[in-house]
Amino acid sequence: MKKLQLLAVASEIFPLIKTGGLADVVGALPAALAHEDVKVRTVVPGYPSVMAALPKGKALRTFAEFFGGPAQLIAGKAAGLDILALDAPHLFGRPGNPYSGPDGRDWPDNWRRFAALSRITADIAMGALPGYRPDVVHAHDWQTGLTFAYMHFAGGRRPGTVMTIHNLAFQGQFSPDLFPLLGLPPEALGTDGVEYYGAIGYLKAGLHYADRITTVSPCYAAEIRTPEEGMGLDGLIRGRSGVMSGILNGIDVDEWNPETDRHLAAKFSATDVAPRALNKSALQSFLGLDQDATAPLFGIVTRLTWQKGLDLLLANVPNLLSQGAQLAVLGTGEPGIEGGFRAAAAANPGRIGCVIGYDEGLAHRVLAGSDAVLVPSRFEPCGLTQLYGLRYGAIPVVARVGGLSDTVIDANPAALGAGVATGLQFAPVTYEMMRVALERSIGLYRQPDIWNQLRANGMASDVSWRDPARRYAAMFREIAPAD
Ligand code: ADP
Ligand code: GLC
């Protein structure tokens with residue numbers, strides 16, 4: 001089989017820069033695709049954390065002026081990844097969150113930052129680096145959507161193109177007044193181009209010009225064809241449904257391996273699950289929870305946003321506590337939700353433990369120490385924490401939406417009878433249905449035979465990248481130019 005050269009582009013990549021699952025996926029795909037004879041180079045913005053990881057990086061191109069300032073394209077290896085970083089301090093030399101400033105507001109020049117990222121990627125795709133001709137370009141989310149518009153108007157041999165939607169809630173829409181600054185020809189500004197209801201739509205552009213569109217689960221692929229879930233892009237998505245598919249995310253099973261995880265108080269495995277109890281008591285002690293091995297401990301690790309349905313969990317706190325449960329919360333996000341969990345923890349010492357912040361190691365410890373992981377999202381393109389839960393024996397209790405519905409098998413009587421259940425699902429995503437799901441979970445927790453079976457089934461399920469990587473590789477081969 002011919003080795004395929006894939007040029008990926010994204011605004012996040014684990015472990016160099018991460019705000020959510022996008023980074024995990026972009027960081028894990030190269031190793032997974034290597035097994036399929038696909039060689040990946042990834043273009044990312046040269047944020048401070050990225051540049052710090054490339055001390056021996058080599059400048060492949062230097063620009064006196066690139067979207068408003070000097071820039072270099074730096075090539076280097078970091079954490080096993082082949083990185084091409086756009087080092088442009090005027091655009092990316094800002095520490096912290098990649099999209100917003102210290103006041104939590106989006107940077108006003110995000111249109112320029114991510115147009116620049118897309119432009120450099122398109123230039124590389126079209127042959128700007130001597131000796132490097134990618135077969136396929138894989139762009140992730142709105143920040144990279146203009147790439148395919150630039151490639152479309154460049155002319156010449158063009159690699160195949162795939163646009164992956166990780167979250168339709170983020171579309172990158174900007175004022176049409178900015179159009180002349182993007183360096184696209186006038187004919188690109190139309191509904192048959194980058195225009196989106198009178199604005200410029202970066203994700204829309206990517207979806208319009210891509211050869212193939214994917215999203216991160218089959219169920220989300222179906223949902224976003226509907227006006228209810230399509231967030232205004234459902235018409236375009238329906239029109240392109242012939243080239244669209246859902247490929248479920250995997251997880252990095254080396255990074256997330258309870259047998260070797262250096263973050264844990266005690267390592268464990270599917271065949272030796274007993275030491276898991278030590279992780280529960282370590283988590284209880286770290287969060288100031290009562291040392292109680294018998295209390296069902298629910299964990300959450302998440303961005304604290306409306307998407308994630310956590311207001312419904314806050315409303316359900318009294319129900320959880322009245323049934324003897326404990327809650328471990330790790331998250332950061334909207335101040336109102338952060339405040340809600342802080343207040344709940346302060347009002348219920350010993351029962352609710354809460355860390356507001358971002359902590360990779362603690363995320364591992366919450367998944368290893370909780371009995372169940374809660375993911376009550378209103379919508380969820382894939383979701384990774386329920387996959388980490390399956391692998392770490394924290395039984396997922398999830399909303400039946402998007403990738404959550406594709407990855408968790410509900411413990412209904414039929415699935416229990418067949419011995420295949422791995423967690424609990426609830427729908428619709430309301431206070432009342434969540435209350436019922438929590439009550440069901442606690443009921444099953446108090447029947448150790450069933451609970452242990454759920455855990456064993458989950459820990460035995462394949463959540464690796466093996467199968468998804470095969471699907472991506474097969475698609476890349478279909479669209480690679482023949483030469
Ligand atoms: P999304 O990308 O919508 O945030 P996912 O479930 O796909 O949701 O991915 C979230 C990723 O971010 C997971 O790897 C999760 O462990 C991680 N994560 C989210 N919040 C935190 C946090 N506060 N601390 C550490 N890791 C977090
Ligand atoms: C997005 C989605 C999440 C998905 C992740 C990685 O952030 O919200 O559901 O798992 O991307 O694809």
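Between domain 1 and domain 2 of this predicted model, the count of salt bridges is one. That salt bridge joins the side chains of Glu360 and Lys18, with a distance of 3.4 Å from N to O. The domain assignment places residues 4-250 together with 466-479 in domain 1, and residues 276-459 in domain 2, so that Lys18 falls within the bounds of domain 1 and Glu360 within those of domain 2.

**Contacts across the interface**

- Besides the salt bridge, the interface of domain 1 and domain 2 can be described by its polar contacts, for which seven residue pairs are found, with both residues at pLDDT 80 or more.
- On the side of domain 1 that touches domain 2, the elements that give two or more residues are helix 1 (21-34) and helix 7 (218-223), and of these helix 7 gives the most, with four residues.
- The residues on this side of domain 1 divide into nine nonpolar, seven polar and four charged.

**Extent of the interface**

- In total, 20 residues of domain 1 are in contact with 17 residues of domain 2, while the C-alpha centres of the two domains lie 32 Å apart.
- The size of an interface is often given as the accessible area lost when the parts come together.
- For domain 1 and domain 2 the buried area is about 1300 Å², and carbon and sulfur atoms give 61% of it.
- Within domain 1, the residues that lose the most area to domain 2 are Lys18, Cys219 and Leu248, which together account for 25% of what that side buries; Lys18 is also the residue that meets Glu360 in the salt bridge.

Notes:
Residues are numbered from 1 along each chain as its sequence is written. Chains are lettered from A and ligands numbered from 1 in the order in which they are written. This is a predicted model: local features need pLDDT of at least 70, side-chain atom pairs count only at pLDDT 80 or more; totals for chains, interfaces and linings use all residues. Side-chain values use heavy atoms; hydrogens and water are left out. Contact means heavy atoms within 4.5 Å. Buried area is the accessible area (1.4 Å probe) that two parts lose on being put together, summed over both. A salt bridge is a side-chain nitrogen of Lys or Arg within 4 Å of a carboxyl oxygen of Asp or Glu. A polar contact is a pair of N or O atoms within 3.5 Å; within protein, one must be able to donate a hydrogen and the other to accept it, and residues adjacent in sequence count only if both atoms are side-chain atoms. Ala, Val, Leu, Ile, Met, Phe, Trp, Tyr, Cys and Pro count as nonpolar, Asp, Glu, Lys and Arg as charged, and the others, Gly among them, as polar.
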